[in-house]
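Please look through the structure shown here before reading on. The notes after it are meant to be read with the model open.

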Amino acid sequence: MAPSGSRSIRRGCKRVLYWIPVLFIALIVAWSYYAYVLQLCIESIEDTGEKVVYLLVYHVVFVLFVWAYWQTIFTRPLNPLKEFHLSHSDKELLEREDRGESQQEILRRIARDLPIYTRTNSGAIRFCDRCQLLKPDRCHHCSVCDKCILKMDHHCPWVNNCVGFSNYKYFMLFLAYSLLYCLFITATDLQYFIKFWTKGLPDTQAKFHILFLFFSASMFSVSLASLFIYHCWLVCKNRSTLEAVRAPVFRHGTDKNGFSLGFSKNFRQVFGDEVKFWPVPIFSSLGDGCSFPTCLVNLDPELPSSPTGSNPASKAATEGRQFPSKPLRESQSRLLTSTPSWSESDGATDKDKKGASNPAITIENEA
Ligand SMILES: [Zn+2]
Ligand SMILES: [Zn+2]
């Protein structure tokens with residue numbers, strides 16, 4: 001009783017400690033609000049027009065920033081659908097087998113009905129021992145959350161949450177708006193920062209807030225800009241941070257561009273089809289997070305030769321049919337089309353589906 005009790009106390013303490021970085025950010029944001037709105041705009045700026053414009057723009061950016069941050073923190077990461085979990089009988093079957101090869105045989109049989117195309121480095125089916133499930137493509141087990149997370153990007157201590165399929169758009173917007181927030185403060189605070197050194201500011205406590213506001217906003221701008229640029233590159237390439245570190249392995253081998261469909265479609269996979277939702281922290285990503293369209297050929301669709309080439313896979317890519325364009329069995333097709341957001345798959349005709357099962361792009365389907 002005692003060991004399990006102490007374990008749960010330790011787990012509880014850890015859970016509290018994980019919130020410290022979030023609290024730290026929240027305190028900095030709260031102080032920046034006080035320093036900018038009260039000390040800079042209301043106390044120090046004399047021109048009414050300038051004051052009103054700064055306050056208006058500031059509050060728009062502030063609301064979007066806090067909204068995106070909130071959504072990144074409190075959106076629960078999605079776990080694999082129950083189709084990927086082992087059934088009771090399969091679990092028993094797996095337990096009875098002690099040879100790795102026989103276990104793989106069982107897993108391969110289950111995987112046949114699922115839209116799984118990636119493998120481990122050794123070519124085995126990706127199986128999570130802890131969650132007792134077959135990992136969908138791009139899904140990874142997070143040791144902090146102790147769960148399998150769909151399209152896991154990374155576990156972020158600054159939001160005390162896993163960044164994955166369900167909140168990656170929010171995370172991108174959080175980076176964008178926090179960068180905008182810091183840049184706006186830096187730009188508008190600059191002239192008062194200069195006045196501080198030229199003794200142009202009245203000798204009140206406001207001048208120290210103005211000084212530290214400039215230092216902290218410019219410092220955060222640099223680190224946020226580098227992180228934001230890196231994640232923009234990842235979105236363009238359709239890679240998660242984990243996939244950028246280690247390329248996904250398909251049946252035909254490692255392919256770092258395995259999920260890339262070209263810039264426009266990669267972007268829409270995260271931000272959705274409707275332009276009006278792109279800047280808003282509302283869920284609009286495409287797909288169900290369990291299955292992802294892939295070109296299944298060792299060609300980068302972003303290369304100029306491939307989209308117009310005679311390769312049927314890349315041809316389908318240019319015609320906007322790859323949601324989903326990969327060869328699908330009945331069950332896989334059901335899994336994909338059960339999500340209404342794959343709107344393009346709904347409109348696909350039978351002819352399109354036949355086109356998608358062209359032998360040239362069924363490399364992954366062959367036993
Ligand atoms: Zn797991
Ligand atoms: Zn996590």
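The paragraphs below go from the whole chain to its metal sites and then to its nonpolar cores.

This is a predicted model, in which local features need pLDDT of at least 70 and side-chain atom pairs count only at pLDDT 80 or more, while totals for chains, interfaces and linings use all residues. Residues are numbered from 1 along each chain as its sequence is written, chains are lettered from A and ligands numbered from 1 in the order in which they are written, and side-chain values use heavy atoms, with hydrogens and water left out.

The chain holds 14 helices and nine strands, taken as DSSP runs numbered from the N terminus (helices are H or I, at least four residues; strands are E, at least two). Of its 367 residues, 47% are buried, where buried means under 20% relative accessible area, exposed over 50%, and partly exposed in between, with a 1.4 Å probe and protein chains only.

The zinc ion (ligand 1) has as its protein donors Cys-128 (SG), Cys-131 (SG), His-141 (ND1) and Cys-148 (SG), at 2.0 to 2.3 Å. Donors are N, O and S atoms within 2.8 Å of the metal (3.2 Å for Na, K and Ca); water is not among the atoms, so sites may look incomplete. The angles among the four donor atoms run from 103 to 122 degrees, and the site is tetrahedral, a label given to four donors if all angles lie between 85 and 135 degrees. Cys-128 counts as buried because its relative accessibility is 4%, whereas Cys-131, at 21%, counts as partly exposed.

For the zinc ion (ligand 2), the donors are Cys-142 (SG), Cys-145 (SG), His-155 (ND1) and Cys-162 (SG), lying 2.1 to 2.2 Å away. This site is tetrahedral, with angles of 103 to 115 degrees. Along the chain, the donors of ligand 1 follow the spacing C-x2-C-x9-H-x6-C, and those of ligand 2 follow C-x2-C-x9-H-x6-C. Cys-142 is buried at 2%, and Cys-145 is partly exposed at 26%.

The largest nonpolar core has 47 residues, and Tyr-36, Tyr-58, Tyr-168 and Phe-174 have the most contacts inside it. Such a core is a set of buried Ala, Val, Leu, Ile, Met, Phe, Trp, Tyr and Cys residues joined through side-chain atoms within 4.5 Å. Helices supplying at least two residues each include H2 (20-44) and H6 (168-197), and H6 gives the largest share, 15 residues. A second, separate core of 23 residues includes Leu-107, Ile-125, Phe-127 and Phe-165.

Key
Four donors count as tetrahedral if all angles lie between 85 and 135 degrees; four count as square planar and six as octahedral if opposite donors are over 155 degrees apart and all others between 65 and 115; anything else is irregular.
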